[in-house]
Amino acid sequence: MSNILEVKTVCPHDCPDTCAMIARVQDGKLLGVRGNPDHPVTRGYLCCKVNHYEERVYSADRVLYPYRRVGAKGEGRFERISWDEAMETIVTRWKEIIARYGAEAILPYSYAGTMGIVQMSACDGRLWNRMGASRLLRTICSTAAEAGYDYTMGWSGGIDPESLTYAKTIIVWGMNPASTCTHQMAILREAQKRGATLIVIDPFRTRTAECADWHVQPEHGTDSALALGMMHVIFRDGLHDEEFLREYTVGWEALRERVLKEYSPERVSQITGISAEDIERLAVTYAVQRPSAIRLGYGIARNTNGGMMVRTITCLPAVIGAWQELGGGLLLSTSAHFPLNMKAVKRPDLLKGNPRAVNMNQLGEALLTLDSPPIMALYVYNSNPAAVAPNSNRVIQGMLREDLFTVVHEQMWTDTARLADIVLPATTQMEHMDLHTAYGHLYVQLNQPAIPPLGESRSNWEVLSELARRMGYEEDCFHDTAEDIIRQALQSDHPYLRGITYEYLLEHGFAKLKTPSDPFAPYLHGEIRFRTPSGKIELYSERALRDGYDPLPAYTPADETDADAQRYPLKLLSPAAHHFLNTSFANLERMQKGEREPRIWMHPQDAQARGIGDGDWVRAYNERGEVWLRAVLSAEHVRPGTAWSPSIWWHRDSPGGRGINALTSDRLADMGGGSTFHTCRIQVEKSEKPSS
Ligand SMILES: Nc1nc2c(c(=O)[nH]1)N[C@H]1C(S)=C(S)[C@@H](COP(=O)(O)OP(=O)(O)OC[C@H]3O[C@@H](n4cnc5c(=O)[nH]c(N)nc54)[C@H](O)[C@@H]3O)O[C@H]1N2
Ligand SMILES: Nc1nc2c(c(=O)[nH]1)N[C@H]1C(S)=C(S)[C@@H](COP(=O)(O)OP(=O)(O)OC[C@H]3O[C@@H](n4cnc5c(=O)[nH]c(N)nc54)[C@H](O)[C@@H]3O)O[C@H]1N2
Ligand SMILES: [Mo]
C-alpha cells in the first residue's frame, strides 16, 4: 500500500459541480479516483460518469500519437507521424493560408472539453488573438440564458447553491440536476429534508421531477407565460413586495399592469396546459412559503424563445423580494463571482483589428458559405463539433471540403477527429496541470497532474504555445508554463481572493472565495449594486427595447416556422443523457450500458397513431436528416406531441451512422446568438434498425 500516491485533482468537465477529486496512483498508473470528502460540495462522492475515470483515461479510443490522414477525407485512415512533422505541416499550411487569404481564413473551434483556466481560457485567447484568426462566438451552451438574465439583472451572478438548504420553496426550472449535476441535487434533497417543497417545472418527467414534491409539466416553450401567470396571481392578491419593488427595481408598475391585463390564470392555462388552479397554487406557494429560490437551468434556454423565457423567469424573485433572504433568490450560474485576472490569462491586448466573428452554432454554414475569405483551416480542441453542433449533416459536409485543412487535437478518436487531416494526441486532466473556477459553486481549485502523459500526448497549452513560437510570435506569454498562467490568474487585489495563492492551493487543493458571507447571498450586503444601467433590477428594460425586444417580459411562442408543422408534427427535446456528458463518456462501455441504446420517449397516443409499440425501433426525421431510436412509450413522461431523447450518442455508435444532431436546427435563439437544440420538429415512423 505504501507506494500508492494520492494526488489532488479536479474534474475538468462541463458541469456546474466541478468536483474535487483524489486520484490514486501506483507506479505512474492511475488506479482510480474518488470524491474529496473535505470538499463541501463534492462531499466525498462522484457522479456515475467520473467515478471510473481510469476507464476513460485508458480507453481504447485514446489518441496517443500524432497522425496524418492517408485515406479520403472522413474515411478514417491515418498514419503515425512525429510531433515535429505535425507541427511543421501545420505551421507551413497556416503561413500559406495567411499569406493568400489573411488570418481570418483560420478558424479555431473549441468549447469546454476541459474548463481549466490554462487548458481552456488561455488557449482560447492568446494565440488566436495574436494571429487575428476569425473569432469564434462560443454560443452553444449558455449565451441565450446569460443574455436574458442580463437584461433583468445586469450580469449573471446568482446565489450560492450552499444557501439553498435555507430555502422553504425551491423551483427547479428547465433543469435536470439529478442527471446534470448530482451534487446540486444533494443540496436540494437536504433542503427537502429540512422541510422545503421541491417543485420541478419541465415538459418531461426527468429523474429530478421524480424526486420532487410536485412536478409541473407545461407544454414545451411556454414558461414565460407560466411565470407571467404567477406574477398575475401575486400582484392580484397583494403578495408582491412593494417596498423592494419601489426601492430596487425599474418598471414594476408597467409589469403589474401587463400581467394583470394579459396573463390571467385562465389564459395562461390555455397556453401552458397547466390548470388555472395549479397556476394559482404555484404562485401562492412561491410567494408565501419563504425563503423561495429558483434553480434555473441552461437547458430551457436552448429554444428560439429561450432568452425571453430566462429574462421573464429572472423577474420573479424581484416581484416577491426574494433576493433579500438567505436561501431566497435565483441561481443560474456562480461563475461571474470569480474575480480572476482573466485579462492576463486571455490577453485581449494581443488582438489587433477586429476579425470577423463566426457563431459556433452555424459551423456547417460557415464552412460551406463564408467568403472573403472562406475558412481554409479549422483547428479543433476541447470540442467534438461533428456530433455536438446542430445540423450535423451540414457540419460534416463542411468538414469534408477537400480544400479545408483541419487539425483536431483530441483525447479520443471522436467523430470529429476522424474527419481531420492532422490528429494530435491530448493529455487528460490526470496528465496536466490546471486551475478551475466553477459555475455551480464558489471554490477555486488546483488540479495537479497525477500520472505522466500517455503515449506522446501533450496538453492544449503546450501545443498552442509551441505553434505560436513556430509561427514566429515573440511575445513572452508564449513561453509561460501552466504554473505561470495560474499565478497570473490569481494575481488580484480583490478581497474574494485574499490568501488564495498558488502555494495555498498546492497544499489544500481548493479554497472558497472570501465572500462577505458564507453561504453567499450576493444581494444581502448592500455592497453589490445591480449592474444594469439604472443600478436596479430592470423589469422594464430600455436596453432590451433598444436591442429590438419587448422592454417588458412577455410570452413569445417558440417560432417553429422553419419546419412544416404538418409534415413534422412532433416537438423533439434532446437534452443531457444521465450517463454521458455531451459526447464525452459516450464511447465507454459502462456508460453505454447505462444509457442502453439511443432512445426516444413518446406519448402512447402519438405512438399508436403511427403503429409504434413500446420497444420498437423508429426512424425520426425532418428536412435536415434522419436517425434511428428505440421507442419508449409513457403517458407520464411526456405530453402528447412532444418527444424526448437523451443525448449525445456518437455518430459512430448510432444505428444508421447519425446521432441526434442530424435533426437539430442551426437557427439561433432570440438572444445571445444561442443554440436552439430543443426547438426542433420531427416526424417519426416505425422502422427496422439499419445494420450499420
Ligand atoms: N449527465 C450529464 N450531465 C451534464 C451534461 C450531460 O450531457 N450529461 N451536460 C453538461 C452541460 S454542458 C450543461 S450546459 C448542463 C446542462 O444541464 P441542464 O441545465 O440540466 O440542461 P439539460 O439537461 O440539457 O436540460 C434540462 C431540462 O430542460 C428541459 N427543457 C427543454 N426545453 C424546455 C422548456 O421550454 N421549458 C422547460 N421548463 N424545460 C425545458 C428539458 O426537458 C430538460 O429536462 O449539464 C452539464 N451536465
Ligand atoms: N442535441 C443536443 N446537442 C447538444 C446539447 C444538447 O443538450 N442537445 N448540449 C450542447 C451543450 S450545452 C454543449 S456545452 C455542447 C458541448 O459540446 P463539447 O464541448 O464539444 O462537449 P463534448 O461532447 O464533451 O466534447 C468535448 C471534447 O473535448 C475533448 N477534450 C477534453 N479535454 C480535452 C483537453 O484537455 N484537450 C483537448 N484537445 N481535448 C479535450 C473530449 O475528449 C471531447 O471529445 O454540446 C451541445 N450539443
Ligand atoms: Mo453546456
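For the composition of a ligand shell, Ala, Val, Leu, Ile, Met, Phe, Trp, Tyr, Cys and Pro are counted as nonpolar, Asp, Glu, Lys and Arg as charged, and the others, Gly among them, as polar. On this basis the shell around ligand 2 divides into 12 nonpolar, 16 polar and four charged residues. The structure described here is a predicted model.

Ligand 2 is surrounded by 32 residues, of which Ser 383, Glu 410, Ser 574, Thr 583 and Ser 584 are the closest. Polar contacts to nitrogen atoms of the ligand involve both backbone and side-chain atoms of the protein: a backbone N or O atom of His 409 lies 2.8 Å from a nitrogen atom of ligand 2, while a polar side-chain atom of Gln 411 is found 3.0 Å from a nitrogen atom of the ligand, and an N or O atom in the side chain of Asn 460 lies 2.8 Å from a nitrogen atom of ligand 2. Of the 920 Å² that ligand 2 exposes when taken alone, the protein buries 97%. At least three residues of this shell come from each of two domains, namely domain 2 (67-141 + 344-445 + 453-512) and domain 4 (562-686).

Around ligand 1 there are 34 residues, and those that come nearest are Thr 180, Asp 202, Asp 223, Phe 580 and Asn 582. The shell of ligand 1 divides into 16 nonpolar, 13 polar and five charged residues. A backbone N or O atom of Gly 299 is placed 3.1 Å from an oxygen atom of the ligand, whereas a backbone N or O atom of His 578 lies 3.1 Å from a nitrogen atom of ligand 1; in addition, an N or O atom in the side chain of Asn 303 is 3.4 Å from a nitrogen atom of ligand 1. Ligand 1 on its own has 920 Å² of accessible area, and 98% of this is covered by the protein. Because domain 3 (144-332 + 534-546) and domain 4 (562-686) both contribute residues to the shell, ligand 1 lies between these two domains.

Asn 582, one of the residues that come nearest to ligand 1, is found in the loop between strand 22 and helix 23. Its phi angle is near 55°, a positive value in a residue other than glycine, and at a relative accessibility of 38% Asn 582 counts as partly exposed.

The loop between strand 22 (570-573) and helix 23 (589-595) also holds Phe 585, which pairs with Tyr 53 of helix 1 (residues 53-57), so that this pair ties together parts that are 532 residues apart in sequence. In a search of the whole structure, 22 aromatic pairs are found. The ring centres of Tyr 53 and Phe 585 are 6.2 Å apart and the ring planes stand at 55°, so the pair is classed as tilted. Tyr 53 is buried, with a relative accessible area of 1%, and Phe 585 is likewise buried, at 0%. The rings of Tyr 379 and Tyr 381, with centres 5.8 Å apart and planes at 55°, also form a tilted pair, and both of these tyrosines are buried. One aromatic cluster is formed by Phe 244, Tyr 248, Trp 323, Tyr 523 and Phe 530.

Cis peptide bonds are found at two proline residues, Pro 291 and Pro 373. The bond that joins Arg 290 and Pro 291 has an omega of about -5°, and Pro 291 is located in the loop between helix 12 (276-288) and strand 12 (292-296). The bond from Ser 372 to Pro 373 has an omega near -10°, with Pro 373 in the loop between helix 16 (363-369) and strand 15 (377-381). Ser 372 lies in the loop between helix 16 and strand 15, has a phi near 40°, a positive value in a residue other than glycine, and is exposed, with a relative accessible area of 67%.

Among the buried polar residues, Gln 217 has a relative accessibility of 17% and is placed in the loop between strand 10 (214-216) and helix 8 (223-236). The side chain of Gln 217 reaches the backbone oxygen of Glu 636 at 3.3 Å. Thr 208, in helix 7 (residues 207-211), is buried at 0% relative accessibility, and Thr 642, in strand 26 (residues 642-644), is buried with a relative accessible area of 3%.

Terms used: Residues numbered from 1 in each chain as written. Chains lettered and ligands numbered in written order. Predicted model: local features only at pLDDT ≥ 70, side-chain atom pairs only at ≥ 80, totals over all residues. Heavy atoms only, no water. Near = heavy atom within 4 Å. Polar contact = N/O pair within 3.5 Å; in protein donor to acceptor, adjacent residues only side chain to side chain. Areas by Shrake-Rupley, 256 points an atom, 1.4 Å probe, with all protein chains shown as cover. Domains from an automatic or database assignment. Phe/Tyr/Trp six-rings, centres within 6.5 Å; stacked < 30°, edge-to-face > 60°. Helix = DSSP H or I, 4+ residues; strand = E, 2+ residues; numbered from the N terminus. Buried < 20%, exposed > 50% of the residue type's maximum accessible area, 1.4 Å probe, protein only.
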